[in-house]
Every structure is written in structure tokens, then in C-alpha cells.
Amino acid sequence: MKQLSASPHNQHLLDVAPLFEFSTLVNSTLDLKFILGSVLLTLMAKLRVTKSLVLLKMAPQATLKVGENRFRVENCKGIGSDLLRKDILLARPPKKDFSISSAAPPAWKIFSRAGIRQIFPIISHDTVLGYFGIGGRMDAKLKIPRKAGQFSSGEKEFVDIFINVAASAIDKGIAFQELHSVNRTLDGKIQELKTLFELSKEFTAVVDRERLLKLFSFTLMGHIGANRYAVCLKDGEVVASRINTLNLLKFKEKIFSLVTSPVRVSDFPKRKSLAAPKAACEAAGIVAIVPLQAQNEVKGIVCLGERLRGGGYSQADLEFIYSIGNLAIISLENSRLFNEAIEKQKMEDELTIAREIQNGLLPKSLPEIPGFQIAALNSPSKQVGGDYYDVIRTNNGKFVLAIGDVSGKGTPASLLMANVQATIRALVPFDLPLAECTARVNDLLFENTNANKFITFFWGALDPDSRTLRYVNAGHNHPFVIKADGTVKRLGEGGLILGIMKALMPYQEGSVAFETGDTLVLFTDGVSEAMDNDGNEYTEERLESFLRSVSSRPPQEIISAVQEDVARHVSGAPQSDDITLIVVKAV
Amino acid sequence: MSDFKVSFRENSTVHIMDLKGYLDAHTTPHLEEAFQKLITEKKYNILVNCKDLSYISSAGLGVFMAFIEDVRMNKGDIKLSNMSPKVFNIFDLLGFPMLYEIFKDESEAVKKFEAKS
């Protein structure tokens, strides 16, 4: 029996024990990296070569042509790391070993240049998994590289067997790696879903805008690993971290209209009009912009700077930010509406209070004045101004008519008005001269209110016996007296508006005598300044001429007529100030 | 309801935060406050012990991102230790091991801080 060991060519084939050992080693693990490294080192030791590499087939990619296969260098020894992770494309991957000395096919040239001489396929279940490349063999004695292609057929046979043994381990390793990567992708997706779920839960519970934005930012940073970002909302609110948005905001409109889906700044359309915004983004270090959309409208944008760990944003990253961004913006919108509703409710509550105070202050019914007819109207505006009027019978049979307009609106105006009323009601029974009383009211108000609070005020004491009205006008719109013959008198005697400064000059008292048919009309600027939609006021002139035309009628009718004429003037514009009228007619 | 607690310890060089419980979108503000407190006190050698941390969400991770640059600018660092495999998996998934030093045990991290100072 011929001894195999006699042939030097078959010497390696005899080494069954090491082969078995190798098989055990590579099959004992699923770690592909370790398997490939072991194969390369073993091959190099057995064949005494100094260079080797391994290529593995990559998963198909959308960019590849049909029938093209991509192979990537997964590991290499003795040829530097330049070739590591290099890809080559092969239309028909060879299934037999071949030499790539001089006339290597183009795809393999880079390897022949690196000193690789022979390529061996890795085949499992009739499929090419990849290739081992071997080269740069050293002659044991001469220590110089031998000529290429000088592997004996026995050696090649050995390598084939050896690779066959490794192939199943590599196959398993690849499958395991794929499984691992699928698992990781899945874990990543689960994490995304968890985050989305958690945020949607939290976002619905939070109405505080600041907290919402913070939560969104933290999630952005945590999930994407970015800490440079800016959130710019349409209403001008900006939350930024390590990005200066000052320059960027100049192009807000343009960027908002451009970004309807996530976009990288480098992918901005090449348009002249976009050159400046693009430059601004780049200067601010922004690499991608994601819109925040609600109801198909861009309500804001997220500008993303470089990631802390480097590397760009994948499409999946941008899509994810887009999703959580849209969640956030809807919540922000909701919180805005919610806050607005609360604000509105607050204001309405306050107005109700103001209206109640004001209503409580106005006389419930007017006293009868012998020889006179009297009617009054107070029509509060929506915001409730500070109009005030009163008719008080004094202890000695006179009647005090008062009308005033407090500065401001709402509750503060109502409260001030309540003060005025209390003061006046307290003073009237003493029957002090009006001018002196006015000075006292003024001083009290001045001492007890801010300088920006003031009251235009007119009051008069009507004596039904003498049919005269003694009055003081403290900066109020001059009341009209329409005489029975149609002449008009304005009542302006008095002094300064109440509450601005201490009364240095005494208030002057005026007096007017009434004859049958004469009509006194007290009003507030809610009448004369009633505005139409174009901002045109009703004016005192129009009031005067209108009063003339209706002065023969009874007081209640005059008031209704004025009300109608004012309504005709404003033609539907909302009433912006209280309207108050008192009409007294001598009969 | 999710429960989360931060407590502080310190030795001569390192300020240790012990995280306990469930760190999600709802509890994230607590961690933010904790970091804010240390940074306001100019304590920049921060070690976060995650032994009793049962979950961390993306928002929780975001807090680490928000402070890391300030801390490092002040020559300090945020290091982490004692993570359960489940918590480490989340850190790992989102690429945090590239940004932060994560130690198996607190003592190793303390040593690293001490070696530097």
C-alpha cells in the first residue's frame, strides 16, 4: 500500500488531526468575526503566506442592478486596512478558485495590486457566500515571495477541503449575524414605538407649553443623540440648544414654505432664492430640518445640528423626529387653545362681576320730580366701561342729577365707580354747596387712587320750585339744554377732571333756568364717540342737531330716538363703550 | 403610577447619583432637576449609578445629552455604572456607549475619576 506521506504534495492532507481541531474550533462559535479571523490565520500558517483577505456577499441593495452581487472585504491580514470594508460588484460570482496574477478581471484588480494571488470561493449549499484571497507566499528558506500561481494542486485541494469545513461554520455565523441585526432593528423599532406611546400619553396629560417643549426636546436628544437643535414655532416662539437661530429667522417664511417633509440642508433645491436661507442654515450648523405639522399646516420646524457622536441622520431618524414632532405640535396647539379658553373664561367671569357691580350701582328707579319728566338709559358695552349716573332726592326737596365716566374698563373701573357713588351719596344729604362738594370728592379720589385713574363728572341740583339747576362740570362732556324755541345751551362751568390732582382752584358753579318745553340732555362719550366700522365717530355735532329734531318729544322717546340714530350710524359695529343718557324735560 | 427617585452621595472627588425606578417621559423632570442641582453647585464629576433603575426612556436619555457638553466643558464628565442588561440594551440601541463611559461597577468608575484628578 502506497504511503500517502511519501508524496510531498499530499503532505498537508495527512494532517487530519489539525483539520479536525480547526473544525471543532470554528464550529464551536457563532461569532462570525472570530470564525473568519481563525480561518485566515490558519490558512496563512499552513500555506506560509503573508497576505490574506476574506470577502462576504452583502444583502441586496436597491441601488444594485439586477443580477449584480456586492461583496465586501470583511477582514484582511498583511495588506493594511485600506481594503477593509471595500465593496466589489460581480455579475456572475465564480464558483471555482482562480488566480488573479496579471490578467485579473477588473473587479479583482485592487486585490492583485495588494499582492493577493489566488481566490477561493466559499460555497455552502451551492451558493457562493464569499471568497478567500491568498497571496504573497514566502518561501520558507529564501524568505522571498514566490511567483504567483504556484500553489500545487495538492495545496489547492487542501485549501478547498479546509474552506469546505469552514463554510458551514461561516454560513451559520452569517445567519446568526443577520438574526442579531434583525433583532436589533426590531429592538430599535420597539424602542421607537415605546417612545411614541409614552409621549402620546404624556403629551395629552400636559398642558404647560414649556413642559411640553422640554419633553419633546429631551426625547429628541435622547433618541437621536443630538444636542444641537432648535424648535421654531410659527407664532415666533423659539426653543434652541446650541444653535443660534437669529440669522435663520430672517428666512423663516421661506424655510417654512419649503419644508413640508423632513429635508437635509444639503438636499435643498438648487434655486437662487434658496441660496441665502441655505447659507444661513449652514452657518448656524444646521444639517437637517423637520417640519412640525398639524392639520396639514406647517406650524413649526425642528432644526437639527450635527450629532454629538458624528454621523448624519438616517431617513428613519428624520421620519421618527417627524412623528414625535407632529405629536408634539398637536399637543402644543391643544394647550394653546386650552389656555385661550381659560383666559377667555377668566375675562368673562371678570366682566360678569364688573357688570353686576355696575348694575348694583345704577338707580333701580328714578324719583318723580314735580314739574319735570325724566328718563335715563345705561347700555353697557361688552367690556363694561365705567359709566355712572344717579338721581338722588335731597332732604330739602331738591334733586341731584349726576353723570360720570370712570377711566378704564372692567372690574377696576366698576370698583372706582362704586367709590364715587359712595362718596357722592354720603355727601348729598349734607346739602353743601356743589362746588365745595366737588372739591371734596376730587381730593378723596386723588388721595385714594393712582394718578392714572380719573373721572369726568357732571352733577347738578335741580330745584323744582325755582325750576333752576345749579351745576358743576368736572371735565365731562358738556350737557345740552335744548330750549323750547330751539336754541341750544351747553353746560360747561366747573373745573378739572376728578382724581388727577388736588383741587387748587375752587370749582365754579353754573346755573340754568328751565321753562316749559326746555330739555336737559346729559350723556357720556359712549354716545358721541360711537364708531362705525371705518372708525368714524357719531360726534357731538350730530348729537346736537339730532336732539334739536326730536326735542319736542317726551324724554323716554328722545332716548329711544337717539339710541336708534346711534345704531344707524355704527351700522352693526360692536359697541365699544358704555352708552349713558339722562333726559329731563320741564313740563 | 410610575415611580422614580434620585438620591445623592459623594466622596472626595465624585458626586454619585443613585437612580431608582422608572425613568420615563413623566419622571424625566426629576432627573433634569437633579443634574441642574449638581451643575449649579459646580459639581462636574458625576457618576450615575443605575443599579436600581428599572427602565429608561428616550426622554430620560435626552437629559444626559442636555448636560454632557456643559459638564465636559468644565473638565468634568458624566459616567454611568451598574446597569441591568435591560437598561444597558436601551443605552446601547441608541448609541450611548459611544458617547459615555459605562462601567460594570461603581468602583471602577470612581477609580477612573480619581486617576484623572
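These legends describe close-up views of a predicted model with chains A and B.

**Figure 1. The complex of chains A and B is a predicted model.**
The predictor assigns the complex an ipTM of 0.89. Its pTM is 0.61. For chain B, the mean pLDDT is 92. In that chain, 98% of the residues reach 70 or more.

**Figure 2. Chain A contains 13 helices and 22 strands.**
The chain has 587 residues. Of these, 36% are buried. Consider the contacts in chain A between residues at least 6 apart in sequence: 65% of them join residues at least 24 apart.

**Figure 3. Chain B combines four helices with five strands.**
Along the sequence, the elements of chain B run β-β-α-β-α-β-α-β-α. The pattern thus opens with two strands and ends with a helix. Chain B has 117 residues, and 43% of them count as buried. Among contacts in chain B with a separation of 6 or more, 71% are between residues 24 or more positions apart.

**Figure 4. Chain B meets chain A through 21 residues of its own.**
On the other side, 20 residues of chain A take part in the contact. Two elements of chain B, α2 (58-73) and α3 (85-93), each give two or more residues to the side that touches chain A. The most comes from α2(B), with nine residues. By residue type, the side of chain B that touches chain A holds eleven nonpolar, eight polar and two charged residues.

**Figure 5. Helices α8 and α9 of chain A pack with their axes 8 Å apart.**
Helix α8(A) spans residues 315-361, and helix α9(A) spans residues 410-427. The angle between them is about 20°. Angles under 35 degrees count as roughly parallel, so α8(A) is roughly parallel to α9(A). Their crossing is left-handed. From α8(A), the contact uses A:Glu350, A:Leu351, A:Ile353, A:Ala354, A:Ile357, A:Gln358 and A:Leu361. From α9(A) come A:Gly410, A:Thr411, A:Ser414, A:Leu415, A:Met417, A:Ala418 and A:Gln421. The residues of this contact divide into eight nonpolar, five polar and one charged.

**Figure 6. A:Phe151 sits in a loop of chain A, between β6 and α4.**
Strand β6(A) covers residues 127-137, and helix α4(A) covers residues 153-205. Is A:Phe151 buried or exposed? A residue is buried if 20 or more other C-beta atoms lie within 10 Å of its own. A:Phe151 has 21 C-beta neighbours inside 10 Å, so A:Phe151 counts as buried. Leaving aside residues up to four places away in sequence, A:Phe151 touches A:Gln118 and A:Lys156. A:Ser99 is 52 residues away along the chain, and the C-alpha atoms of A:Phe151 and A:Ser99 are 9.7 Å apart.

**Figure 7. A:Ser261 belongs to the loop between α6 and β9 of chain A.**
Helix α6(A) runs over residues 252-258, and strand β9(A) over residues 263-264. Why does A:Ser261 count as exposed? The cut-off for an exposed residue is 12 or fewer other C-beta atoms within 10 Å. A:Ser261 has 12 other C-beta atoms within 10 Å, so A:Ser261 is exposed. Which distance separates the C-alpha atoms of A:Ser261 and A:Pro291? These atoms are separated by 6.0 Å, with the two residues 30 apart along the chain.

Terms used
Residues are numbered from 1 along each chain as its sequence is written. Chains are lettered from A and ligands numbered from 1 in the order in which they are written. This is a predicted model: local features need pLDDT of at least 70, side-chain atom pairs count only at pLDDT 80 or more; totals for chains, interfaces and linings use all residues. pLDDT is the predictor's confidence in each residue, from 0 to 100. Two residues are in contact if their C-beta atoms, placed from the backbone, lie within 7 Å. Ala, Val, Leu, Ile, Met, Phe, Trp, Tyr, Cys and Pro count as nonpolar, Asp, Glu, Lys and Arg as charged, and the others, Gly among them, as polar. Axes are lines fitted to C-alpha atoms, for helices over the stretch in contact, and angles run from 0 to 180 degrees between N-to-C directions. Angles under 35 degrees count as roughly parallel, over 145 as roughly antiparallel, 65 to 115 as roughly perpendicular and the rest as oblique. A crossing is left-handed if the near helix is turned anticlockwise from the far one by less than a right angle, and right-handed if clockwise.
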